[in-house]
Amino acid sequence: MPLLAAEIARRRTLAIISHPDAGKTTLTEKLLLYGGALQKAGAVRARKGQRATTSDWMELERQRGISISSTLLQFDYDGFRVNLLDTPGHKDFSEDTYRVLTAVDAAVMVIDAGKGIESQTRKLFEVCAKRGIPIFTFMNKLDRPARDPLELLDELESVLKIGACAMNWPLGHGIDFKGVYDRQTREMHVFERTPNGAFEAPVQVGGLDDPLVRSRLDPSRYERVRSEIEMVEGAGHAFDPALVLAGRQTPVFFGSGVNNFGVQLLLDNFLRYSPPPGARKSGDRLVEPDEETFSAFVFKIQANMDPLHRDRIAFARVVSGRFERDMQVRHVQSGKRVRLSGAYKLFGRDRETMDDAVAGDVIGLVGGTEYGIGDTLSQDGNLRFAEIPRFSPECFSIVTNPNTAKYKQFRGGLKQLLHEGVVQSLELERPEGRVQVLAAVGPLQFEVLQYRLESEYHAESRFEPQPWVRSRWWRPRAGIEPRETNWPSGSALAFDPDGERMLLLAEEWQLAYFTDRNPHIELSAIPFG
Ligand SMILES: Nc1nc2c(ncn2[C@@H]2O[C@H](COP(=O)(O)OP(=O)(O)OP(=O)(O)O)[C@@H](O)[C@H]2O)c(=O)[nH]1
Ligand SMILES: [Mg+2]
């Protein structure tokens, strides 16, 4: 069996992130095509008879043409084992995306070159920066009218405060977009478009003066590109792999995901310069990937991925040691010893038995009903990873079952989807007793819940939106004399599943007002734990 260190060194675990619609799922599909994991690429909005993408496998995703849930794709390419996670861009699903970011070692940030940096991209960038994750940038959609490349680079520097180094340079844009100039090899890659971009784009590669390559560009465009390249060579940042690993420089690749232009260059350079799996914190200690003891944490749960099996998969990122089939580990949260028998390698909704995994790999665990998001699995019962971020919900709804004949399906489905974290569940304190209220970061989460209850459990549901717009965990502040609390009008008290107290507010301004009026109460945007 190969040495642990050598196995770890060839792992790459990354997330693709951005604002909605920048082209993450399309790029993911093309990375799979160029990575040899797909023979033919599908489209996000596939027409009748066309292939859909591998990562938007959920029916609702295909109907709406957006990603709702993150998807894991594992494949081997050029000596590397890649764990690729396509994430949803919509802010209502950002909890899922943020969880995924705890499990990766690098990110590819996709930017629509016609638009530049959009709000959600900026937020996700900040999360990556805080975690010290190196970021590779893909400037996408160059086949459409795009902003000036220099301006796009400047924007990265001024808005995100990170050095931006163009790794390649676009040869034109819009219908004149012909390919890219690779600054490292000083070669032009001139591509041909293929129908639907389903197959790799034929490419001609040659130096700047190569007449064959040159003849493919309009002469005035060629002159312009040449002078742009001279300028970048003179004034642009020098590429510095150490700065990239430190999160202080982002290598920028121009291209078009739909047309497959520039995808190969992104993939090869990403694998070459991105880091192998890093350590994770357990309490005060850093757990290194090459430690002998196996450890992992669960960052995502998804039920019913396979319509034939209708089971639940927990996604666990291996932090250290070596996973072996049927091994016994401790599920730290319950204290129980569990056997890791149903373990899978995942490719969208497809699965294959996993025999061997090391740090960086994500294992799909089937059947462990006790696993929750954030849980630690380890041979060392003293380890506990606390990676998963929590969010205070801003949308609330009470759900009821309108069809008494389907009570069992409704209850069962709701329980499973709550466990998966599709939405959160709170208990509202009412004079008549406690009432369940569902809580989410954004309203689309409720739509997904309703749709999935119907399609996966054949259960109807009725949602009654509630008026609160903010929530906080609260407790009496230590060392301050208790006194009567001034609850704002329209507010409500609730309990989270751990029994921690929460305050739900009807207006945003009440937050500051409440803090001001109630110095004896401490508020927190995350649970006190
Ligand atoms: N013209 C052009 N369109 C593109 C390109 N890449 C993606 N698109 C289109 O942009 C739309 C959104 O693409 P997706 O890949 O679904 O974007 P996404 O970032 O995954 O979106 P969410 O997951 O919903 O956040 C689709 O209609 C794509 O066909 C590109 O390079 N050029
Ligand atoms: Mg997507």
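**Exercise 1. Strand S5 and its neighbours**

Which residues of S5 point one way, which point the other way, and are they buried or exposed?

*Solution.* The structure shown is a predicted model. Begin with the two directions of the side chains: Ile-135, Thr-137 and Met-139 point one way from S5, whereas Phe-136, Phe-138 and Asn-140 point the other way. Next, consider burial, for which a residue must have 20 or more other C-beta atoms within 10 Å of its own. Six of the six residues of strand S5 (residues 135-140) are buried, so the strand is largely enclosed by the rest of the structure.

Then turn to the strands that pair with S5. Strand S4 (residues 106-112) runs parallel to S5 and is joined to it by six bridges, and Met-109 has Thr-137 as its bridge partner in S5. Strand S11 (residues 249-254) also pairs with S5 in the parallel sense, over three bridges, and here Thr-137 stands opposite Val-252. Finally, trace the connection from S4 to S5: together with helix H5 (residues 119-131), these two strands make a right-handed β-α-β unit.

**Exercise 2. The shell around ligand 1**

Describe the residues around ligand 1, saying which come nearest and how they divide by class.

*Solution.* Start with the residues themselves: there are 22 around ligand 1, and Gly-23, Thr-25, Thr-26, Ser-67 and Gly-89 come nearest. Continue with the secondary structure, where helix H2 (residues 24-34) provides the largest share of the shell, namely three residues. End with the classes, which are six nonpolar, 10 polar and six charged residues.

**Exercise 3. Domains and their contact**

List the domains of the chain, and then work out what domain 1 brings to its contact with domain 2.

*Solution.* First, set out the division of the chain: domain 1 covers 2-71 + 78-273, domain 2 covers 280-378 and domain 3 covers 395-524. Second, consider the distance between the C-alpha centres of domain 1 and domain 2, which is 29 Å. Third, look at the contact itself, to which domain 1 gives 19 residues and domain 2 gives 16 residues.

On the side of domain 1 that touches domain 2, helix H1 (4-9), strand S1 (11-17) and helix H4 (94-103) each supply at least two residues. The largest share of this side, five residues, comes from H4. Sorted by class, this side of domain 1 holds six nonpolar, eight polar and five charged residues.

**Exercise 4. Residues in loops**

Examine Asn-196, Asp-326 and Pro-202 in turn, locating each in its loop.

*Solution.* A point of background helps with the first two steps: most residues other than glycine have a negative phi. Asn-196, in the loop between strand S9 (187-191) and strand S10 (203-207), has a positive phi near 60° although it is not glycine. With 16 other C-beta atoms within 10 Å, Asn-196 is partly exposed.

Asp-326 belongs to the loop between strand S16 (322-324) and strand S17 (328-331), and its phi is also positive, at about 70°. Because Asp-326 has 9 other C-beta atoms within 10 Å, it is exposed.

Pro-202 is found in the loop between S9 and S10, and it counts as exposed because it has 11 C-beta neighbours inside 10 Å. The last step compares sequence with space: Pro-202 and Phe-261 are separated by 59 residues in sequence, while their C-alpha atoms are 9.5 Å apart.

Key:
Residues are numbered from 1 along each chain as its sequence is written. Chains are lettered from A and ligands numbered from 1 in the order in which they are written. This is a predicted model: local features need pLDDT of at least 70, side-chain atom pairs count only at pLDDT 80 or more; totals for chains, interfaces and linings use all residues. A residue is near a molecule or strand if its C-beta atom, placed from the backbone, lies within 6 Å of it. Helices (H or I, at least four residues) and strands (E, at least two) are DSSP runs, numbered from the N terminus. Ala, Val, Leu, Ile, Met, Phe, Trp, Tyr, Cys and Pro count as nonpolar, Asp, Glu, Lys and Arg as charged, and the others, Gly among them, as polar. A residue is buried if 20 or more other C-beta atoms lie within 10 Å of its own, exposed if 12 or fewer, and partly exposed in between; C-beta atoms are placed from the backbone. Two strands pair if DSSP finds at least two bridges between them. A crossover is right-handed if, with the strands pointing away from the viewer, the path from the first strand over the helix to the second runs clockwise. Domain bounds come from an automatic or database domain assignment. Two residues are in contact if their C-beta atoms, placed from the backbone, lie within 7 Å.
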